[in-house]
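The following report describes how strands and helices are arranged in a single chain, beginning with the connections between neighbouring strands and ending with the packing of helices.

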Amino acid sequence: MSLLVTGIGELVTNDPALGRGPLGLLTDAAVVVADGGVAWTGPATAAPDADARMDLGGRAVVPGFVDSHAHLVFAGDRAEEFEARMSGARYDGGGIGTTVAATRAASDEELRGRLRGLVAEMRRQGTTTVEVKSGYGLTVEDEARSLRLAAEVTAETTFLGAHVVPSEYGGRSDAYVDLVTGPMLAACAPHARWADVFCEPGSPHAFDGDQARAVLAAGRAAGLGLRVHANQLTAGPGVQLAVDLGAASADHCTHLSAADVDALAGGTTVATLLPGVEFSTRSPYPDARRLLDAGATVALATDCNPGSCFTSSMAFCVALAVREMRMTPAEAVWAATAGGAAALRRTDVGHLAPGARADLAVLDAPSYRHLAYRPGVPLVRALELPG
Ligand SMILES: [Zn+2]
């Protein structure tokens, strides 16, 4: 059964061969969908026949957002920590322990309900692919449980046993790194595609460069791809480590040296920016222009989590990227779709050329520019296809 989606006033394909500019932009476009995939993309006047039709009445369509960085397996709430931060308290990652305690105490059903609720909330806002990390269990059993639950909702599961050092270890600890790289990794690797680490020598709760290297090397040896929480709170070794080890993505990139920018521009590691975190921790934003002008591949993601940034809205991140990081609307939309796909090393999402998954997001607006032009307005949703 094929479906012709027509009445697309403006279509972002992210394929320059199909339309104008890096977004591969088409006006008065159509897409044919069959078997969950895109079968044809082009001008409506040239569209082939299909078994059924859906008319979008001139709305804009973009590829579904690819949110390549999210922490969705957790229990509890940290609204009071947010309130305190807005009154001047500093963010150093220490509040994560609160979520760890709540998550360990929660039932599978409770965690599953919250997780599925957030994935549905994302979908209603146009996100069709989401990466989900563990990292609030921090015991062998609780990390494996988090990843089993995550794997129920996404193929993009990330083992983040090295999120913070749990409080029972009393601060930075090589013994905890031994647990993460040993029995915890062994229990988690079957449920994970990626390994990640919070590399932040400036935080007493996180991991220094040598520890981060050990975590990533063990993850790679277990067959996992690599991602790194890098250079969020201070300049440090995270970005260089990510590039050296061929990680798919270095995430945050808030405090970068010239050498870090050069490394990202010269390598295959995507720079994933998470401006919702800077918004929600009232911190300086990463220098997206410097990365883009140097030639780095930039992705945008939410970092949706109960502490440093509890937004699930990629459209909000696009608006922040344009307003606060001086990305153009086109650069921001590309980063939130094709950029996210690159950060997950996926070729079947983040674009709408034939062969892609039929992940369309539709705007109640005539142009993708409205994602930044109308901040906070719920304009975009995943297009639900019949069947
Ligand atoms: Zn994160």
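In this predicted model, strand S11, helix H8 (residues 258–266) and strand S12 together make a β-α-β unit that is right-handed. The two strands of that unit, S11 and S12 (residues 270–273), pair in the parallel sense over three bridges, and within this pairing Asp251 stands opposite Thr272 in S12. A further right-handed β-α-β unit is made by S10, helix H7 (residues 238–244) and S11, with S10 (residues 225–230) and S11 (residues 249–252) pairing in the parallel sense over four bridges. Along S10, Arg227 stands opposite Ser249 in S11, while Val228 has Ala250 in S11 as its bridge partner.

These pairings belong to an open sheet of seven strands, which follow the order S7-S8-S9-S10-S11-S12-S13 and pair in parallel. At its edges lie strand S7 (132–133) and strand S13 (298–300), each of which pairs on one side only. In general, the strands of a sheet pair through backbone hydrogen bonds, in either a parallel or an antiparallel sense.

Two helix pairs can be described through their axes, as set out in the table.

| Helix pair | Axis separation | Angle between axes |
|---|---|---|
| H5 (residues 174–188) and H6 (residues 209–221) | within 9 Å | roughly 10 degrees |
| H4 (residues 140–151) and H5 | 8 Å | about 30 degrees |

How are H5 and H6 oriented relative to each other? The axes of H5 and H6 cross at roughly 10 degrees, and because of this H5 is roughly parallel to H6. On the H5 side the contact is made by Val177, Val180, Thr181 and Leu185, and on the H6 side by Gln211, Ala214, Val215, Ala218 and Gly219. Sorted by character, the residues of the contact of H5 with H6 comprise six nonpolar, three polar and no charged.

For H4 and H5, the angle is about 30 degrees, and since angles under 35 degrees count as roughly parallel, H4 and H5 are therefore roughly parallel to each other. The crossing of H4 and H5 is right-handed. Here Val140, Glu143, Ala144 and Leu147 in H4 meet Pro183, Met184, Ala187 and Cys188 in H5, and the residues of this contact of H4 with H5 divide into seven nonpolar, no polar and one charged.

Definitions and conventions: Residues are numbered from 1 along each chain as its sequence is written. This is a predicted model: local features need pLDDT of at least 70, side-chain atom pairs count only at pLDDT 80 or more; totals for chains, interfaces and linings use all residues. Two strands pair if DSSP finds at least two bridges between them. A crossover is right-handed if, with the strands pointing away from the viewer, the path from the first strand over the helix to the second runs clockwise. Axes are lines fitted to C-alpha atoms, for helices over the stretch in contact, and angles run from 0 to 180 degrees between N-to-C directions. Angles under 35 degrees count as roughly parallel, over 145 as roughly antiparallel, 65 to 115 as roughly perpendicular and the rest as oblique. Two residues are in contact if their C-beta atoms, placed from the backbone, lie within 7 Å. Ala, Val, Leu, Ile, Met, Phe, Trp, Tyr, Cys and Pro count as nonpolar, Asp, Glu, Lys and Arg as charged, and the others, Gly among them, as polar. A crossing is left-handed if the near helix is turned anticlockwise from the far one by less than a right angle, and right-handed if clockwise.
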